[in-house]
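User: Please take a close look at one part of this model, beginning with its surface and then turning to a single residue and its surroundings. I would like one connected account.

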Amino acid sequence: MAGDRRARGLRAVASALPIAARRARGDLIALLALVLLAAVACGLAIWAPHRIGQTLDGAAREAVAAAGRDADLLVRSPVGDPSGAGTTAERLLIYAAELPGRLPSELREVARGTSIGVIGPELVASSPDGEVVVRIGVLDPSTLPSLEMRTGAPPAVDEGSSAGPVRVMASATGAERLGLALGDELVVDGGVDRDLVVEIVGTAEPSDPEGIEWTDLPGLWEEPSTRRDGSSRAGLTVLADAVAFDRIAPIMLGASGTVRTVFDPERFDLERSQAVEAAIDALETSSAPISDRVPFPVVATSGYDRAMADLPGTVAAASAQLSSIAAGPVGAAVLVAVLCGAALARRRAGEVLLLRARGASIGLLATHAAAESALVTLLGAALAAAVAVGLGVAVTASALLVAAVAIIALAPVLATVLPLLPLPPAARLRAAGMAAGAVLVVAAGAALVALRSGGAPGPDGIDPLAVLAPVLCAAVLAVAVAPATAVLRHPAARLAARGRGAGVLLASGAIRDGRSPLALAAVVLATATALSSVVLLHSAAVGQQDASWRTVGADVRIDGAEDAASLAASLERSGLTAAAVAELDRVEVRGPTGSLPIALLAVDAAYPALVAAMPDGVVPAATSDGLRLLGASAPDSPDSPDSLAVAVDARLGAFLGVEETTTGATVEVGGTRLPIRVVAGAVTAPGFADGPTGIVDRAALLEAVAAEEGRDAAEESAVASTVLAVGAPPLVADALAAVGAARGAVTRRAEVGGRPRGAARVTRAPASLQEALLASVALASLVVLVAAALGARRRGRAMALLGAFGAPRRSGLALAAGELVPLVVGGVLGGCLAATVVLVAAEPAFALDQLVGATATPIVPAWLPACAAAVAVLVLALGIMTDAPLSRRAAAADILRTGEGT
């Protein structure tokens, strides 16, 4: 009996195959369109993890690059320890050459090079020009090609006696600064032991003073900071060969060697950065892998974990932000494919009912639908994968891709089978609908709460919570907005009753046909993504602009100017607003509760005008008003009229316990203690000032110091070496070109991201947001066009029938508008609500301030509503224009001959 049933089933399948093939040939154009839509959806599902992964990998590389030398691996060992606990310079040079092969594979893969620095302690030596603080290091022979000898030659292998002088090489600039020449000797007093004599046999300059080979030889190429008058000790670092260094190391005491491994940021990605951190932690815990059969102790240390400490938080924020944005294009594309697949299944409903009447089982019909749907979906996925591979995008079976394929393949099957199942009672349907709605609302709320509390990126960089939250919010709002469009029918009906013509009447009757939940959900999701992208991009741009103003202090900052006042005057003549500033670090201020080191900016009289010239919103108006009071006297002040006027930032104001009042506080400048009065509290100080900041008028400061110490002491107490300037970029460029070599180190605000140096950043996030914005707008337009195309046949039949009774053909535009206006309006309004809910509820997870590098919050640009309305009108017009040629294909004769329902 079972065999008979199996045979009948096989015969049924065989007999139905020709029907299914004939049906597929008849719908070939529609099936090809479904393949293309499936390819678009799968392509976006492949693109999203790849783009997010690229962005996060870029953040890891940028974090390593920003960390600089702080991320290097250092292997240290004492050198020349008399107790025998250390090693020799010769041995350490050999070990440095072997170290790359000893490193764990995770570190070898990212290592760019190894350098060694062996250096002794500071020693006070006598020179022909006075006392010098000298440090002796080891010259690594491998660095000789990067040196340019100015005089003499590098120190050769020391073959002298233990009592002979140590031959060394010095910096040509340092030797000249200290008045040292070839053959000069530096003598270190050895006390009861013999003196240490250092003879200069060569001077050189490096091709790159910032090269890694000199990192652990401090002061080697730095210019001595003291004058040649013998009034203070200068510092000088010299290099000897390893043999000579080993000979004198026991005498110096405290020499150490460092083997530095430098990492190449370009070899990093997010996964590798985590593996490197784990490998470094293991070496810091136990140096066994790099000290096996090494006859001296080595200790591995690194600041990698501290340098990269903020990367995990930045990665989590970027993952949540980009995942939620990626959900829009992917979700909208999947919904468009589902909408078209379900529409094709509904169009075949009559044929399916005929097959059912001939005895085809529901299982057989579902099998045919599943086979066709799977084939179409897999072809689309294969096409997307082929394009991705051609573009160099790695294809992985991510959860997003698997979900997209499953949903697209399953939708036509459900659309085929569900109408064949018996309907439950109406009361049970209402209860099931209410339960499903409640579950959807609870799920959306739970996803938002979970995302707000902090999601976690998966292995492909996608944060599942961030993907689900906007999709579920869009679904909730689509379900809520779809019935609400019915309210448009009543005003339209009243308008039709009062007016003439069938246009408004037809539009009001077509409103119900434009309430497709799938199409509405797709438009809501795409619109929400587009709006969220715009808000995040605008917020990031505003935050970075504000941060750049705070970091630079103006459009351009020039540090180290020899004559800042003259340079500022030159820039003023070139059309800029400029001011000279003297920056005094670690100035002590005494207030009611104690003392505090602050940064004191002594500005010239043009500084208030410079601040006022900054764009609106960059600096509060209260700051500009307060700075104008710096040079003003206060004769009716209860404090001494000779007190120095100062404007303070919020941190210094909180310490002094004042806002805009006079205090009995004092400030010490160059050893002179001056009374101060606060004339402006909580002003915005430039970001380059380190710590709590006060701002004073430089002329007033010099007068106050001169009254106490004399004019010469006053001039040295606040030397202006920084120039700030504000102006249009072309004026800035022309002005800088005009001053030429007179300027110092130039920092342009346009070239500064506003983020503190050394912090992780995600510079590729804006590009990803822009791509998501364009994709979302394109997909929202595609949804409307697809909705217009799917309803064109129905509207064409209706207008053909009405045309037989004299209705004008242009009335078809009213039918199209009646269906598409609720879709577009509901989608835009729902998208606005969905974007608001996601941005407000999940804003902590996005951590916008971490991505910007400063305090930042979502800001809605003033032009966004008008822009969204204009795009909506344009998309609606495209949808109506698409309907016109499609709906006019139905002829009145065909309708009258075969009926409206064919």
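Analyst: In this predicted model, a nonpolar patch on the surface is formed by Leu36, Val40, Leu383, Val387 and Leu391, which together have about 460 Å² of accessible area. The elements that contribute two or more residues to this nonpolar patch are α2, spanning residues 28-67, and α12, spanning residues 362-390. Leu383, one of the patch residues, lies in helix α12, and its relative accessibility is 39%, so Leu383 counts as partly exposed, given that this class covers values between 20% and 50%.

Ser302 offers a second setting to examine. This residue is found in strand β11, which runs over residues 299-302, and because its relative accessibility is 8%, Ser302 counts as buried, the cut-off for that class being under 20%. Leaving aside residues up to four places away in sequence, Ser302 touches Asp70, Ala71, Asp72, Leu73, Ile280 and Glu284. For one of these residues, Ala71, the C-alpha atom is separated from that of Ser302 by 6.3 Å, although the two residues are 231 residues apart along the chain.

The side chain of Ser302 also takes part in polar contacts with backbone atoms. On the one hand, the Ser302 side chain reaches the backbone oxygen of Asp72 at 2.8 Å, and Asp72 is also among the residues that Ser302 touches. On the other hand, a polar atom of the Ser302 side chain lies 3.0 Å from the backbone nitrogen of Tyr304.

Note on methods. Residues are numbered from 1 along each chain as its sequence is written. This is a predicted model: local features need pLDDT of at least 70, side-chain atom pairs count only at pLDDT 80 or more; totals for chains, interfaces and linings use all residues. Side-chain values use heavy atoms; hydrogens and water are left out. Helices (H or I, at least four residues) and strands (E, at least two) are DSSP runs, numbered from the N terminus. Buried means under 20% relative accessible area, exposed over 50%, partly exposed in between (1.4 Å probe, protein chains only). Contact means heavy atoms within 4.5 Å. A polar contact is a pair of N or O atoms within 3.5 Å; within protein, one must be able to donate a hydrogen and the other to accept it, and residues adjacent in sequence count only if both atoms are side-chain atoms. Patches are made of residues with over 30% relative accessible area and no salt bridge: like charges are joined within 9 Å, nonpolar side chains (Val, Leu, Ile, Met, Phe, Trp, Tyr) within 5 Å. Accessible areas come from the Shrake-Rupley method with a 1.4 Å probe; for residues, only the protein chains shown count as cover. A salt bridge is a side-chain nitrogen of Lys or Arg within 4 Å of a carboxyl oxygen of Asp or Glu.
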